[in-house]
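Biologist: I'm new to reading structures, and I'd like a close look at one part of this one. Could you take me through the inside, and then out to the surface?

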Amino acid sequence: MIEISVLAKLEYRKILGYIAKYCSTEIGKGDVLSAVPFNDIQTADYEGNLVTEAKEILIRNIPPPLEYVPDLREVLAQSTIENSVLENKKILEILRLSVISRNLSNFLKSNAETAPKIYSISRNLFVDKVFEHHIQKVITENGEVKENASSQLLSIRKEINGKKDELIKVVNR
């Protein structure tokens, strides 16, 4: 382990601050700012190879399909609790993250020849179009539950609209 005084002389934290400015996500920024030098040459070599592969993809002017990636760790943890309820907007954020994960997985698969180590890691990304479809089937892009999300909900909404129409007729008499 490198001594703290050496890191201070090298202005290590300052360098991490500069690097963090280029991070697309808060999670990535946090990871960069908490990074410590590697203790062994194998890890440094492996990580250096990952950086080289990523650089090769970028040199080819192929930007990765990354947009805003929300930090959903708390929401995802909450979703594992039985009988817990997530807000529709949070479910849409999970959907968005799922789509980003799938797109990134496809991107890295298409660049597997240039970046085989990164592609190998990318196999851990969540990819499930059926999951995405189920969310899109019941929630609108605005985060509202669709009329036809279930047959029971559709029946209830028809009944409510019928009562609403009856009430309007009574009031207008």
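Modeller: Here is a walk from one helix into the core and then out to the loops. Keep in mind that this is a predicted model.

Let's start with helix 6, which covers residues 88-110, and pick out Ser 105 on that helix. Is Ser 105 buried or exposed? Its relative accessibility is 15%, and buried means under 20%, so Ser 105 counts as buried. If you skip residues up to four places away in sequence, Ser 105 touches Ser 122, Leu 125 and Val 127.

Stay around there and look at Leu 104, which belongs to the largest nonpolar core. That core has 7 residues, and the others in the set are Leu 50, Ile 57, Phe 107, Leu 108, Ala 115 and Ile 118. Two elements each give two or more residues to this core: helix 4, running over 41-59, and helix 6. Which of them gives the largest share? That is helix 6, with 3 residues. As background, nonpolar side chains in soluble globular proteins tend to be buried together.

Now zoom in on Ala 115, one of the core residues. Setting aside neighbours within four places in sequence, Ala 115 is in contact with Glu 53 and Ile 57. You've already met Ile 57 as a member of this core. There is also a second, separate core of 5 residues, and among them are Leu 7, Tyr 12, Leu 16 and Ala 20.

Time to move to the surface. Ile 2, Val 6 and Leu 10 form a nonpolar patch there, and together they have about 250 Å² of accessible area. Leu 10 sits in the loop between helix 1 (4-9) and helix 2 (12-20). With 54% relative accessibility, Leu 10 counts as exposed, because the cut-off for that word is over 50%.

Glu 11 is in the loop between helix 1 and helix 2 too. Here's something to spot in its backbone: Glu 11 isn't a glycine, yet it has a positive phi of about 55°. At 44% relative accessibility, Glu 11 falls between the two cut-offs, so it counts as partly exposed.

Finally, hop over to the loop between helix 5 (73-79) and helix 6, where you'll find Asn 83. Asn 83 is not a glycine either, and it has a positive phi of about 65°. Its relative accessible area is 73%, so Asn 83 is exposed.

How values were computed
Residues are numbered from 1 along each chain as its sequence is written. This is a predicted model: local features need pLDDT of at least 70, side-chain atom pairs count only at pLDDT 80 or more; totals for chains, interfaces and linings use all residues. Side-chain values use heavy atoms; hydrogens and water are left out. Helices (H or I, at least four residues) and strands (E, at least two) are DSSP runs, numbered from the N terminus. Buried means under 20% relative accessible area, exposed over 50%, partly exposed in between (1.4 Å probe, protein chains only). Contact means heavy atoms within 4.5 Å. A nonpolar core is a set of buried Ala, Val, Leu, Ile, Met, Phe, Trp, Tyr and Cys residues joined through side-chain atoms within 4.5 Å. Patches are made of residues with over 30% relative accessible area and no salt bridge: like charges are joined within 9 Å, nonpolar side chains (Val, Leu, Ile, Met, Phe, Trp, Tyr) within 5 Å. Accessible areas come from the Shrake-Rupley method with a 1.4 Å probe; for residues, only the protein chains shown count as cover. A salt bridge is a side-chain nitrogen of Lys or Arg within 4 Å of a carboxyl oxygen of Asp or Glu.
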